[in-house]
Amino acid sequence: MTIAAVDRALKLMEALAGEPDGVDLSLLADRLGLPFSATHRLLGTLAERGFVRQDPHSGAYGLTLKLAQLAFRDLDSRGLPDAGQIVLDRLASATREYCRLAVVEGGELIWIARAQGATAGLRYEPPMGAGPVLHATATGKAWLASLPEAEALRIVFAHGFDGAGRTGPNALGDVDALRAHLDETRRRGFAVAVEEGEIGIVAMATTFRAGPDPAAPVAGTLSVAGPLPRMPEERRPAIAEALLRAAEDMTGIWPLRRRQIQPAKTAPAGDIQQTGASA
């Protein structure tokens, strides 16, 4: 398969993601700007590999669970979700709001774990499939603030300020405003987004490092988000305190994540120790 064909196949799978009812072949070809015949051949190849299936009644094409299985297999091999889930659950319990963990991967932020702390009233639970709009979310601004300013601006310019329609009424729209927000985020140690990513939602986020060494690279972010009436300004200092404490905990355990999945060593024959109540 040529590089162009691989690129087309990946774009096709991205187009099918989030389409539970599938997409008609002609509509899919139109969305991708590809010839009908080329789209049909790509779908046939992906179907043979088990990544795509065609609904026998509607004729629409959709993703199978194979891609999700590969993603979870990779996450399990890295020990990423388990390493932080306890910290994330504790943060959700302390804040009583929706909390998420994202990791830096290939110059982007990828959601890998979540915990719901709201036990009554409105439960805010956004989808995990789409990454954060960097300039319009607390998660994105927290990460951008950890980068040299020139690098942060380059990343935002590459994505654009429009946010592909995934922003709220207060989303930042120019470089000066973004610089001011990033400066404020560096000063206080966490980012805040009030109706920037979504109308009626407040989010707070901070970064954590890959280890306790101050020079260790930023490994990811922790965030807390919820409805504006439940996260007024007077409540945010307490949430920030819990968030920063969780980031310290995450930094401390992050280097241990791979050890969770190391297989236990088998004791040599004749050297088996007795276990039980007497151990």
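Guide: Before we start, contact here means heavy atoms within 4.5 Å, and the model we are looking at is a predicted one.

Visitor: Okay, so which residues is Leu-222 in contact with, leaving aside its neighbours within four places in sequence?

Guide: Leu-222 is in contact with Leu-88, Arg-100, Leu-101, Met-204, Ala-205, Thr-206, Phe-208, Leu-243, Ala-246, Ala-247 and Met-250, once its neighbours within four places in sequence are set aside.

Visitor: And which residues touch the most other members in the largest nonpolar core?

Guide: That core has 27 residues, and the ones touching the most other members are Leu-101, Met-204, Phe-208 and Leu-222. At least two residues each come from helix H5 (80–95), E3, E4, E6, E7 and helix H9 (236–253), with H9 giving the most, namely 7 residues.

Visitor: What does the second core include?

Guide: The second core is separate and has 16 residues, among them Leu-147, Ala-152, Leu-182 and Val-218.

Visitor: Switching to the sheet: what order are the strands in?

Guide: The sheet is open, with 5 strands in the order E4-E3-E7-E6-E5 and antiparallel pairing. Strand E4 (108–116) and E5 are the edge strands, each of which pairs on one side only, and the twist from one strand to the next averages 20 degrees.

Visitor: How many bridges join E5 to E6?

Guide: There are 4 bridges between strand E5 (residues 191–194) and strand E6 (residues 201–209), which run antiparallel. Val-192 has Met-204 in E6 as its bridge partner, while Val-194 stands opposite Val-202 in E6.

Visitor: What about the hairpin, where does Glu-195 come in?

Guide: The hairpin of E5 and E6 has 6 residues between the strands, and Glu-195 takes a positive phi near 55 degrees there.

Methods
Residues are numbered from 1 along each chain as its sequence is written. This is a predicted model: local features need pLDDT of at least 70, side-chain atom pairs count only at pLDDT 80 or more; totals for chains, interfaces and linings use all residues. Side-chain values use heavy atoms; hydrogens and water are left out. Two strands pair if DSSP finds at least two bridges between them. Axes are lines fitted to C-alpha atoms, for helices over the stretch in contact, and angles run from 0 to 180 degrees between N-to-C directions. A nonpolar core is a set of buried Ala, Val, Leu, Ile, Met, Phe, Trp, Tyr and Cys residues joined through side-chain atoms within 4.5 Å. Buried means under 20% relative accessible area, exposed over 50%, partly exposed in between (1.4 Å probe, protein chains only).
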